[in-house]
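Subject: The structure we talked about

Hello,

Here is the structure I promised to pass on. Have a look at it first, and my notes follow underneath.

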Amino acid sequence: MIDFLIGLFLASLIVALFTTRLYRLLLWYSLNSFTLGLLALGIGRSIDDNAMIITGIITIVIKAIAIPYVLKNLSQKFHFVRQITPEIKVQYAIMLVPAILVFTFYLSEPIVHMIHTNANYVAVSISSLFLSLLLMMEHKNVAPKIIGFLSMENALFLLGITATDGMPMLVELGIFFDLLMAIVVINLLFHKEELRV
Amino acid sequence: MMLTLLLLPAFIMFGVSFIKKQKAKYLLAFTSFVILLPIVKLFLLPKPYNILGSYLVADKLDTYVLLVSSIVGIGVTLALLTLDKHVKISQKAYRKFYRFFAIFWIGLIFSILSNHMGIYWIGLELATLSTVYMIKTNYTPAAHKEAWNYMIVGAIAISLVLFGIILMYASAKPILGEDAMNFDLLLAHAKDIPSPFLFEMGFALTTIGMFVKMGFFPMNLWLANIERASFYPVAALFSGILESAVLVGFFRFSKIAMAVNYDHLFIFVFVYTLLTIFIVSFLIYRAKDFMRLFSLSGVEHMALIVMFWVSGAPFAALLHFGAHAFLKPALFLSTGVLESNGKYKIAGALRGYKGFKGGVFWFLVSLFLLAIISLPPSPMFFSELYGFGAMIATAKESDHMLAMIAAILFLLILLSIIFYRFVAIYQSMKYEGEIKEKTVYGSELFSLVIFAISLISLLLPQTLAYLHAIS
Amino acid sequence: MIYYFGTIFVLVLIAPILLSYIKATKMLLLFKRPISLLQGYRNFSKLLQKETIISEESSAVTRWAPFLVLSPLLVILFFLPPVTQGAYYVSFVDAFTITGLISLSTFFLMLLGLDSASAFGGMGSSRESFIAALVEPAMVLTIFSVSLMAGNLGIGQAGVNLAEHFPKEHMASFLFAGISFFILLIAENGRIPVDNPETHLELTMVHEAMILDLTGVYLAIIESAASIKFVIFASLFASLFIPFGYGLIAPLAIGVFILKLFLIATLVAILEVNTAKLRLFKIPNLLGLSIVFAFLSLITFYVLGA
């Protein structure tokens, strides 16, 4: 079942790469975070780690529901461009995405032999890190770049919960705190834009 | 108690930033000196001294870097008093600048003192996010664009750092458990890490993240553009405090990586820094304004520091680091005066100073300018001499002597390009262009004097002995 | 033996009903009064009674091509994975054969469109070949990777293996292959994001453009070929990607299988209601996604083994 979720995680990210509409992108991001939360819940239950179950719930509440909602509100408030066409043409993206995947899978192959539990997730999270970088690169608008940043956070989180069986609670809370701070700063940045124009 | 004292100036600044009275900011000039008290105490205490359990631990390196960055913080606080005299800034934005400067400072004190990879990262991220807003206080479209730019690139860099940290943590977790986040334990058990590849990969990702943050190859110009678009104290904070924290992190991570596999680390970092200096030297040659010039020169110096550190000359690296951290903020702060004729006018920038203040100002600035290209009495001269010597010494033990000599010759050529450019700029500042009167304010002159004194004190035998003891 | 032929018989019988079912579901979702599920049969009998007229410009191709469109598809029906235990199946037919037979059918369809000598026919054929060229690599990759997961290149054997030992450890690559195949199912059958089977609008039609000139028996043959193609894809999807219910007793297993077919049809209908048709030149984006997923499924299986 966890393999299924991890596949869904990667799949939603890849679909997000090919999306040309902002709200669809938010939907895919939300799905991405939701699978992440479910993964955290599943792994937390299997290794009996209460901290991870809590982080899983926080992830679902904040990343899958709150952040997409806030971003949608922001986009309506500040009139974002909702048609977001990737700068990289689809025919190149079709070649680029598998190339990145192959590269990262082989990059992490030695790791797979080292970590015995959940070895594949390291590979998937590294490749989703690269894919979110691609997501940031292929768009000129700010909004998809923010989504790219957030999905990068998701990739990190996936690595955190799978490769290490959960990081210290302090660090995870710190990461959440910083994420919220990032959202506040993004909000402030947009506000200023409105004052100027 | 110690921690409270360390954070006190920043908290006072945060509080004062809500007071609407104009005079309130003068209070900060005095309170910022308070930070020196706990640092002096830290120097006297036996090390490593646990400030907050095993999370915040002050050892010799920490204390040194904390001192350097605090002096920069004091200097910037002083120079901030006259920011509104040099640039146009609304009162609200001014207060916001102070507020986010305080958050920035708090984050970086945590980062510098942390003995815990997670706390290190959280502090760094806090500082990064608050910088975004400091850039935004300049109400221009360029600054707005660069604030977004910083948000995105900074976020990528910081995420890479976290990614690497997680990998490193995962590599050491089997033997250390949750304590695998502690730098000292990791260093002590570096040889026993069960999966060195995982660690090295984490280290590589972290390093790339840090290098992006410092403006290394291939991200050479983003820092310069941001510093150009924002107010000049931001640039001073970047080079003095933020880069100090990043470098401390690099020092710590690379120490562990050295114990894991020295050769991999050396080749990776050496080639990276060599490429950086190669690109940057030509970018400096083409620089048309003070901000970009100093910023790119800062990148060059950081590359040198990193290079010295990995090639077995920590003493040279730390000396260079101290000199860089004092010189760059001083120069950035003086650009407020130097650019009073206009942003892109280098010629004549050092002319037209009257009276005692003016005289001291141009004397100090020319001193700093000549010091960053490592003319002999400057600490940079000694550090480079010592650093290159140590590189040769390291190469002697291996069989890559010729390659190392070639690399050093190449480096010297690149450095001479930079040297040539700076001398030309200095001449143009002093002897070309029209004479226009410029005003220098007491507070910024005072901060320059502080920087000059700290710079000279780097060359005291006690300081050198202390730096030797760190390595 | 009885189950083998029985399944094929059921599939052929159910094919028109499935298409009518999709249409009815869509109408229901759009708050219209749904058509009867037997509409497919009614159309068929109506077309059989009609007079067959052939355009003067067309050659002999028009006379024999409709049969050649239908016959490869009928052949594929015999190669499909078994639905229930004890049914016969052909174990040596692999992904390439299936894809080849489908493209053979598509080839004659395109020939038919060209032969009608009308502007629409040529346009439809060119569009169809454009889509078919993009579908094929993804199709081969997808079925190939599923066969690898099942441990057998033969489609029939693969279906059995998947049903008996579901590859839990390969869930991720299985999911990717499933997504890819679902996109192909939509593209090959001319469902909405790719082609709208309900309009005769010049700008959008692909499949309809090719058969615009046909009447009577020939049209009936082509229509039933289209419905059989859908049933082939749906049953491939059902037995390769939803491999449950194989172990039940025979009548129940067939019932579960038919339920799965209707489930897929419902999915397609919901998707059709919720999406707008893509511009022709945006279709490579969708199919590119399917190629990416097919490839991803292969490399995930090979490199990660997940």
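Let me start at one small spot in chain B: Pro218(B) sits in the loop that runs between α10 (196-214) and α11 (220-229) of that chain. The peptide bond joining Phe217(B) to Pro218(B) is cis, with omega at about -5°. Please keep in mind as you read that this is a predicted model.

On confidence, the predictor assigns the complex an ipTM of 0.89 and a pTM of 0.87. For chain C the mean pLDDT is 89, and 100% of its residues reach 70 or more.

**Chain B as a whole**

Chain B contains 20 helices and two strands. Its radius of gyration is 21 Å, close to the 23 Å that the globule rule gives for 471 residues, so chain B is as compact as a globular protein of that length. If you want a feel for its dimensions, the C-alpha trace of chain B spans about 65 × 50 × 45 Å along its principal axes. Of its 471 residues, 55% count as buried. I also looked at contacts in chain B between residues at least 6 apart in sequence: 78% of these join residues at least 24 apart.

**One helix with two faces**

Helix α3 (residues 36-44) of chain B is a nice one to turn around on the screen. Its buried residues are Pro38(B), Ile39(B) and Leu42(B). These cover an arc of only 100° around the axis, which puts them on the same side of α3(B). What lies over that buried side? The cover for the buried residues of α3(B) includes α1 (2-16), β1 (49-52), β2 (56-58) and α4 (60-80) of chain B. On the face turned away from the buried side you will find the exposed residues Leu37(B), Val40(B) and Leu44(B).

**How the chains meet**

Two pairs of chains touch, and the pair with the most contacts is A and B. There, 31 residues of chain A are in contact with 28 residues of chain B. On the chain A side, the elements giving two or more residues are α5 (109-114), α6 (119-137), α7 (142-163) and α8 (169-196). The largest share of that side, twelve residues, comes from α8(A). By class, the side of chain A that touches chain B divides into 22 nonpolar, three polar and six charged residues.

Chain A also meets chain C: 18 residues of chain C are in contact with 22 residues of chain A. On the chain C side, the elements that give two or more residues are α7 (171-188) and α11 (283-304). Of these, α11(C) gives the most, with eleven residues. The side of chain C that touches chain A has 15 nonpolar, two polar and one charged residues.

And what about chains B and C? No contact joins them, and their closest C-alpha atoms lie 17 Å apart.

**The nonpolar core**

The largest nonpolar core holds 340 residues, and those that touch the most other members are Ile166(B), Tyr169(B), Leu18(C), Ala234(C) and Phe237(C). Helix α8 (residues 141-176) of chain B gives the most to this core, with 21 residues. If you would like to zoom in on one member, try Ala234(C): leaving aside residues up to four places away in sequence, it touches Leu18(C), Leu261(C), Ile264(C) and Ala265(C).

**Two backbone spots in chain C**

Two loop residues in chain C caught my eye. Phe31(C) has a positive phi, near 60°, although it is a residue other than glycine. It is placed in the loop between α1 (2-29) and α2 (39-49) of chain C. Is Phe31(C) buried or exposed? It counts as exposed, because it has 6 C-beta neighbours inside 10 Å, and the cut-off for exposed is 12 or fewer.

Ala117(C) likewise has a phi near 60°, a positive value in a residue other than glycine. You will find Ala117(C) in the loop between α4 (95-115) and α5 (119-150) of chain C. With 15 other C-beta atoms within 10 Å, Ala117(C) is partly exposed.

Happy to go through any of this with you on screen.

Best wishes

Definitions and conventions:
Residues numbered from 1 in each chain as written. Chains lettered and ligands numbered in written order. Predicted model: local features only at pLDDT ≥ 70, side-chain atom pairs only at ≥ 80, totals over all residues. pLDDT = per-residue confidence, 0-100. Contact = placed C-beta atoms within 7 Å. Helix = DSSP H or I, 4+ residues; strand = E, 2+ residues; numbered from the N terminus. Nonpolar A, V, L, I, M, F, W, Y, C, P; charged D, E, K, R; others polar. Core = buried A, V, L, I, M, F, W, Y, C linked by C-beta atoms within 7 Å. Buried ≥ 20, exposed ≤ 12 C-beta atoms within 10 Å, placed from the backbone. Rg over C-alpha atoms; globule rule 2.2 N^0.38 Å. Arc of directions from axis to C-beta.
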